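Okay, thanks for coming, everyone. I'll put the structure up and then talk you through a few pieces of it.

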Amino acid sequence: TKSAYESALETAGNDVTKLDLEQAVESWTSGGEAKKLTLGNGEYVMVETVAPDGYTIAGAIAFSVNAGKVYVGTEEKQDSTILMNDTISKINISKKDIADKSDAEAADIPDAVMKLTATDTDTDLTKINITGGTRSDLPTQSKNVIAWTNDGTTTLEMLPNGEYTLEETTAPDGYTKVTTIFKFTIANGVITGADTVTDGTVTRDGDTITVWDTISTISINKTD
């Protein structure tokens, strides 16, 4: 059976699982009910190849069948049921002072306004959970665009798979806004591709994107 929270399970077409050590003997797309299989004695591996939107791929599960009973390791599974749990995807957006780039423990700069846009206009971001930030209103509301004001590292939970752009729309007081529009791709709940920004104003480390602001400076000339 495939469990990744009830709402995801009810949507068919999200996850494909294959069995067996060397050759797939069964494959399916999960729906709202457990998948029932008839398997002979032997050793198998259940592998999730595509995670539902907003989730990451679960680890493979090795199991065996012997005399009609199912075992994971030495543990006999009750009702011959194997449960595979997916984890909610989490993408982190960090906002820091570029002067602190060499400091791995540097704190985030609060009060930046960030905007995330899904390239596919049918992507719905209205239900994305945001921690470490407060949603901001946009002049024009679109379901594929969200904005927030950060109060630390912002975590976006359950972003659907697809292509995105990230930009800073308002810099914190005393800083200059980064004008780079950063493009990245999410597949199976993780960042799989991202722009390389040559000026170092936006960097990516795994599933964390950091936008580096520069302190504003004002030049005052005094002449006779």
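**Strand 17 and its surroundings**

Let's begin with strand 17, where the side chains alternate: Phe182, Phe184 and Ile186 face one way and are buried, while Lys183, Thr185 and Ala187 point to the other face and are not. Buried here means under 20% relative accessible area, exposed means over 50%, and partly exposed is in between, with a 1.4 Å probe and protein chains only. Strands are DSSP E runs of at least two residues, helices are H or I runs of at least four, and both are numbered from the N terminus.

Before I go on, the ground rules. This is a predicted model, so local features need pLDDT of at least 70 and side-chain atom pairs count only at pLDDT 80 or more, while totals for chains, interfaces and linings use all residues. Residues are numbered from 1 along each chain as its sequence is written, and side-chain values use heavy atoms, with hydrogens and water left out.

How confident is the predictor? pLDDT is its confidence in each residue, from 0 to 100; the protein chain averages 86, and 89% of the residues score at least 70. The part to watch is residues 1-18, where pLDDT is below 50, and that stretch has 66 contacts in the model beyond near neighbours in sequence. A contact means heavy atoms within 4.5 Å.

For the overall picture, we've got 1 helix and 20 strands. Of the 224 residues in the protein chain, 38% are buried. Among contacts with a separation of 6 or more, 56% are between residues 24 or more positions apart.

Back to strand 17 and its partners. Strand 15 and strand 17 run antiparallel, joined by 5 bridges, and Gly162 has Ile186 as its bridge partner. On pairing, the rule is that DSSP finds at least two bridges between the two strands. Strand 17 also pairs antiparallel with strand 18 (residues 190-194), over 4 bridges, with Ala187 partnered to Val190. Those two strands make a hairpin with 2 residues between them, and Asn188 takes a positive phi near 55 degrees there.

Now, the buried face of that strand. Which residues touch the most other members of the largest nonpolar core? They're Leu116, Trp148, Leu159, Leu166 and Phe184, out of 24 residues. A nonpolar core is a set of buried Ala, Val, Leu, Ile, Met, Phe, Trp, Tyr and Cys residues joined through side-chain atoms within 4.5 Å. Strands 11, 12, 14, 15, 17 and 20 are the elements that give two or more residues to this core. Then there's a second, separate core of 10 residues, including Met46, Ile61, Val70 and Met84. As background, nonpolar side chains tend to be buried together in soluble globular proteins.

Leu159 is a good one to click on: leaving out residues up to four places away in sequence, its contacts include Leu116, Leu125, Ile128, Tyr164 and Ile186.

On to aromatics: Tyr164, Phe182 and Phe184 form one cluster, and the structure holds 3 aromatic pairs. Rings of Phe, Tyr and Trp (its six-membered ring) pair if their centres lie within 6.5 Å; planes under 30 degrees apart are stacked, over 60 edge-to-face, and the rest tilted. Tyr44 and Phe63 have ring centres 5.5 Å apart and planes at 20 degrees, so that pair is stacked. Tyr44 is in strand 4 and Phe63 in strand 6, so the pair ties together parts that are 19 residues apart in sequence. Both Tyr44 and Phe63 are buried.

Here's one for the electrostatics people: is Lys95 buried or exposed? Lys95, in strand 11, is buried, because its relative accessible area is 2%. Its contacts outside the four-place window include Asp108, Glu168 and Asp213.

Just along the chain, Ile98 sits in the loop between strand 11 and strand 12, and at 28% relative accessibility it counts as partly exposed. Ile98 touches Gly200, Trp212, Asp213 and Thr214, again not counting residues up to four places away.

Last stop, backbone angles. Most residues other than glycine have a negative phi. Asp79, though, has a positive phi of about 60 degrees; it lies in the loop between strand 8 and strand 9 and is exposed, with a relative accessible area of 66%. Asp111 also has a positive phi, near 75 degrees, in the loop between strand 11 and strand 12.

Terms used
pLDDT = per-residue confidence, 0-100.
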